Amino acid sequence: MGPVMIASDIGGTFTDTVTIEADGRVGRYKAPTVPDDPAAGVLATLALAAADGGETTPALLGRAAVFAHGTTVATNAMLEGKRARVGLLQTRGFGDTLPIMRGFKSLGLDEARIKDFRNLVKQELVTPRRLIAEVTERVDYRGRVVVALDEADARAAVRRLREAGAEVYAVSLLWSFKNDRHERRLAAIIAEEAPGAPVTLSCDLMPRLGEYRRSVTTALNASLRPVLGRAVRSLEGRLAAAGLALPPLLMQSHGGLAPVDGIDRVAASTVMSGPVGGVVACTRLGAIAGHRNIVATDMGGTSFEVGLILDGEAHIANSTWVGRHEIALPSVSVRTVGAGSGSLARVAAGMLRVGPESAGAVPGPACYGAGGSEPTVADADLVLGYLNPENFLGGRMRLDRALARRAIETHVAAPLGMSAEQAAEGIKTIVDARLADLIRNATVEQGYDPADFVLYAYGGAGPTHAFSYGAELGIAEIVVPATASVHSAYGIAVSDLMVAEELSDPMMSPPGTEDYAAAIPPAALTARLERVAARARDKLARAGAEPARAVLAYAVEMRFRFQIHVLHVRLPAPPFDAAAVRALVGRFIEAYEARFGAGSAFTAAGIELTTFRVVARVPLERPPPARAPEAARDAPAPGRREVYQGGAWREAAVLGPAHLAPGARIEGLAIVEMPDTTIVIGAGQAGRVDPHGNLVITRAASGGRA
Amino acid sequence: MTSDRTPALDPVTYEVIRHKLWSVNEEGSATMIHVSGSPVVHATDYNFGIYTAEGEMAVIGVYLLVPIYTGSMAIREFLGRFDDIADGDVFIINDPYLAAEHQNDVQFCAPFFHDGRLVAWIGCMAHQVDLGGMDAGSWCPTATDVYQEGLRIPPGRIVRRGEVNRELWDVIVANSRMPFTVSNDFTAFLAGLRVARQRLAELAGRYGGEAIAAVMRRSIEGSERQLRDLLRGLPDGVFEHVSYLDRPAPEGTALVRVHCRMEKRGEELVFDFDGSDPQSAGYGMATRAGTVGAVATLMLCLFGSGIPWNHGLMRPVRVVARDGLCVTAVPPIPVSGGAAGANWVAMSAAAGCGAKLVSFSPAHAGLAFGPGDGSWQLAQFGGINQYGEPFAAMYLDSLLWGGPAFAFRDGVDSGGAMVILGGGTQDVEQQEVGQPLLYLWRREVPDSGGAGRHRGGNGIEYAMTPIDSADVSGVLASHGIRLPNRTGIFGGYPGACARFEMVRGSELARLHAAGCSPTRLGEAGGRHEVLAGVSSGVPVRPGDIVNIRMQNGGGYGDPLDRDPAAVLRDLAAGSVSPRAARAVYGVAVAGGAVDAPATAELREELRAQRRREMRLPDAPQAPSGAPPPDASAVPWGESLLLGRGATGDAAVHCGHCSTPLGTPGADWRRLAGVRALPPAELGGLIEVHEALEARQYLCPRCAASLWVEVVPRAGEAPPDFAI
């Protein structure tokens, strides 16, 4: 057998593994995650994969051309407080930057919690104040040294932090992205005073304007280094022992892969390692199917996640959130709300609410029979006939319809004077409308109409609900990928080696500028982007890639002066001439007006280029996707069951994986029971299986809206 | 649209529409902020809301809270004045005497029609950086009449049936020092309104206009019901609180009295400010709109923790105040500072009343907090920036005061604002790249929150010096300089006063070149001065330093009851000084741990000192060993127990040691020991005007701190409650 690409997504509950063979065939495997031993879940899936091909795990791993993975190690360390104790060095006078938090007590909270004044408090600091020290030094907004670094003072500060218990160090000084000399000197002093302790400098990790986010991100990164380092070394060792001959790659929040060697230096860039895989997978599938604008939706038990693919590329924001902490590193933007199959339905004062509280994994929905008595979205799906009690998690768990019905009757139907079916449909209507509202907000915020997108739905519950929230948004095409149940792992398997580098170094034009090329010298713009590009190439080379093969994408964060929000504007490769600068400004104004309306451009204020970004990727060679297998000749005739929809019981066709042959067409109302999810095609909709086994749902009058 | 025509609306459709209205509001406000070019707007000095056809607040976001209610007042103003309101109109107003806090707060309101019927209003407002007047920024603290202040815009149409009223637009913009920014903000308003209107039209097309109106009506009724239920469970009575607006006068500092008398009867609340001083020319006068908006803000924060925010939280509330008071100024009294002047003092006084009321219910005592936001320390700088361009900037760092303490937690440090729950300020780097001022520090001030069993939040101070510009001047104005408005409750101490300081002609340049970063004003050489509360056009020359320190939250409960472990934590974090740990909290620390025996001894000494200094009440002392109150006694916070004494008569007991203090008369304070809080315990951050004193009421027996207030040296404050 030939080379194989292997990718694992080590999630909180399950570890998913995908294999892609040289002929494009995709294997999908799932095993429970062992929380204290992430390698165990991976090895369990590899054993399944090996058995599938009639080989041994060492044989499978021996064929691996790539092994890539996503991990929740960094995220879990944050949520569980298992970070190292970090000593943070800051500019004298500004040691309270973290406690002050720019005065925001609302960071990371939703509106309902912000309105709860009496309980509205700031989050826990990423490091306690006693582990933050000030050093005498100051650089100004132009990078000039106002006060030289007092080395004796700095040395004493490091010693104090060490004595106070610091295990790792972070340095974040004002304006270090304009002049990094003091930070670098501090690194040398720390190396002398605390030999061997890992140090993170803000000028390396995140050379961006804004000392609050920079300091938080730098401190978090420093504190995550040991735990991530241990985890990847352990996984690497276990896999090597099992026969893997090459170093594993790890998925980063920005949607690209990096070798595990040295990854701990940017530990904070791995917090979205798992979730972004799904969005990347949609990017890849979209490229094959010709979908340029995609809303990627992942609905699980407790949350609903939305990612956007704009013009063929995953939208990358300049930060992401873990709990209430913002990590200001480029990250595929994924919005999350507390709405999933476990969301609780409650009646208060005659009003029906669904979520954000969730029944969680334990006790879970009432139908799990694990002691949950309150009704959830999954209970509603079961009562309405969408779910088959015998086919949940591939039949690994039996659902109890009577318990689901009782929960809905007791807590929703009786108080509201409805039938159980009406109440269940009400729960579903409310949750689907909320999901549609969230998707709408996510697209509108980027200046787009959701109806112009293709919707991809995956995760345990996404394919069950997408027919409804997609229709609500007027979306024409809904895709349930063949890899829906292991979508993140598939995304990791099809990712590229990638680095994303940023640098703040503002350039601005005065108010009333007519010729932007005069105010924004092309040579200076060229120099800035080339500087960032050089850093990106250098990092790729250190990751073992050939910089010559790298594809570089350039972008600038721009805004009108006196504004805060920025837009990312793409640029061709440097060098730039006057015409290129004028074209850049023109594109910015165009993008701005497209988003905020004609005439909204604030040109009189002048413009500002704040941050420069280069994303460099080296595509990994991978085979084109194989054609999905033809329909099994002995595929059973579709079954039938009653589904409650639109206030009445209706008959639905019930199909299985064997019916999803390329070209197959399925008229709604239909249910396709897959091993790990259930796909619903609504009344008036039709499904069509594409050559790769993905199910595409459209409005029945072909080409119409879903 | 009256409620007798409510169509049948099933709970599912209700919930779907309710969520969609939220979503519409969020889309509208997100669009508005993104388009706005103003840093002030980005710090959430704006709001966006959906109102009923009658102008009641239906959907409220988490922006600057005071103007949300003024939006409602504005819509009623339009409804009352115009009988030709049409689809496609957008109304404008900023007249503070009618419906705004001050002239900077320009509001746009758009009626939403469906099938020819008025279904709702969408309103938005944002603080405009400049609308003319004698000071850059239009916040004119030294104005003596309204004509020296920014442009006043009476109710009118800025868009008529979809056509922008360009003449009016140009008149407004022509009066601004920052015409581009104002014009851009107006564009932002229209963009936000357009998006919201479009989305409402889609909703109405699908569910009908009447369904939308019914959802708004029903959610308001739901909140009203919940508030009325809560109020019914609280005792009827009258609750009072007084505070003062201090401002420079020809001779020293004048005090303007703001008196809140809150009467709770059944399910309703009346806030009566008639006992306040009359209006007078000069800094800090507020209009009725600003005062009612301040009361509405308090209602949202005091009762809105468990009740959805909408007009239902104001329906059971009435605000009484005759025209012409410091809280209801009428023309030509200047009111540009009225966004955060007497109305904020009124908000503090109203919070005091609210705390005194809810603390009678053990179930709701956790809602109580002391006087909320004390003062807005205006720090507005202008001149020529480092790029040679004119600039004007209001520093929102002044928002970073400490929040009030609650019965169950400390106040939030550096960012406890009630008026802006979801906002804050910019990074130092963001400020420095825009304005020619170099920060020397921005830090939390230890001991600046009021001491208490739970302490008030500490606030920040920030110091700056000009860089790359020789042309910088400042407008620095605030009250709360000569007295703390933010007294504690139930024995907690007041928070630090506001302060503006300068060092003129410092030796910073020499010190910096020598590798020194001064960390105190006293280390920088030059001439140190403390500024009066209100100064305009203050030159800030190269080498000068301006330092601005916040007024902060008061404490809750007796500081001697604070958990010593919490004091130790505060010491480690630098939030409390070693001096205050001993002198105020009575906590002794040895080797990084609490020394428990020494702490007990120290606290006993401090109690003994209180006993020595306290004047005992005239009422006879209860004999020792007098019976404790019976089980039915009602606690008032943690200070008192109101129950029956040995003879079955009504009796007031100390909430700490249960000792009977006497029979309740007009004022419980006559039953307590009294002393003036000595400067050592107040710390160095609180000033008390010569006509006032910080007075502490104590249990004559156990010497627990029962209440601390700032009252006239001569004379009494009105009683806290009469139930």
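Modeller: Two strands pair if DSSP finds at least two bridges between them, where strands (E, at least two residues) and helices (H or I, at least four) are DSSP runs, numbered from the N terminus. This is a predicted model, in which local features need pLDDT of at least 70 and side-chain atom pairs count only at pLDDT 80 or more, while totals for chains, interfaces and linings use all residues. Residues are numbered from 1 along each chain as its sequence is written, chains are lettered from A and ligands numbered from 1 in the order in which they are written, and side-chain values use heavy atoms, with hydrogens and water left out.

Colleague: How do you know that strand E10 (residues 268-272) of chain B is joined to E11(B)?

Modeller: Four bridges join E10(B) to E11(B), and the two run parallel, so the requirement of at least two is met. Asp272(B), for instance, stands opposite Val320(B) in E11(B).

Colleague: Which strands of the sheet E11-E10-E9-E8-E30 in chain B stand at the edges, and why is one side of each left without a neighbour?

Modeller: This is an open sheet of five strands with mixed pairing. Strands E11 (317-320) and E30 of chain B each have a single partner strand, so they stand at its edges with one side unaccompanied in the sheet. Helix H9 (residues 342-358) of chain B packs on the sheet by touching E8 (237-248), E9 (253-265) and E10 of chain B (contact means heavy atoms within 4.5 Å). The direction of H9(B) makes about 155 degrees with that of E8(B) (axes are lines fitted to C-alpha atoms, for helices over the stretch in contact, with angles from 0 to 180 degrees between N-to-C directions).

Colleague: Why is the pair of Trp636(B) and Trp707(B) called stacked?

Modeller: Rings of Phe, Tyr and Trp (its six-membered ring) pair if their centres lie within 6.5 Å, and planes under 30 degrees apart count as stacked, over 60 as edge-to-face and the rest as tilted. The structure holds 34 such pairs over all chains; in this one the centres are 5.3 Å apart and the planes at 10 degrees, so it is stacked. Trp636(B) lies in strand E23 (residues 634-636) and Trp707(B) in strand E29 (residues 705-712), so the pair ties together parts of chain B that are 71 residues apart in sequence.

Colleague: What makes Trp636(B) and Trp707(B) buried or exposed?

Modeller: Buried means under 20% relative accessible area, exposed over 50% and partly exposed in between (1.4 Å probe, protein chains only). Trp636(B) has 0% and Trp707(B) 1%, so both are buried.

Colleague: What kind of aromatic pair do Trp636(B) and Phe721(B) form?

Modeller: That pair is edge-to-face, with 4.7 Å from centre to centre and 65 degrees between the planes. Phe721(B) lies in strand E30 (residues 721-722), so here the linked parts of chain B are 85 residues apart in sequence, and at 10% relative accessibility Phe721(B) counts as buried.

Colleague: Why is strand E17 (residues 499-504) of chain B described as largely enclosed?

Modeller: Six of its six residues are buried, so E17(B) is largely enclosed by the rest of the structure. Arg499(B), Glu501(B) and Val503(B) point one way from the strand, and Phe500(B), Met502(B) and Arg504(B) the other way. Five bridges join E17(B) to strand E20 (residues 545-549) of chain B, and the two run antiparallel. The bridge partner of Glu501(B) in E20(B) is Asn547(B), and in E18(B) Glu501(B) has Val530(B) as its partner.
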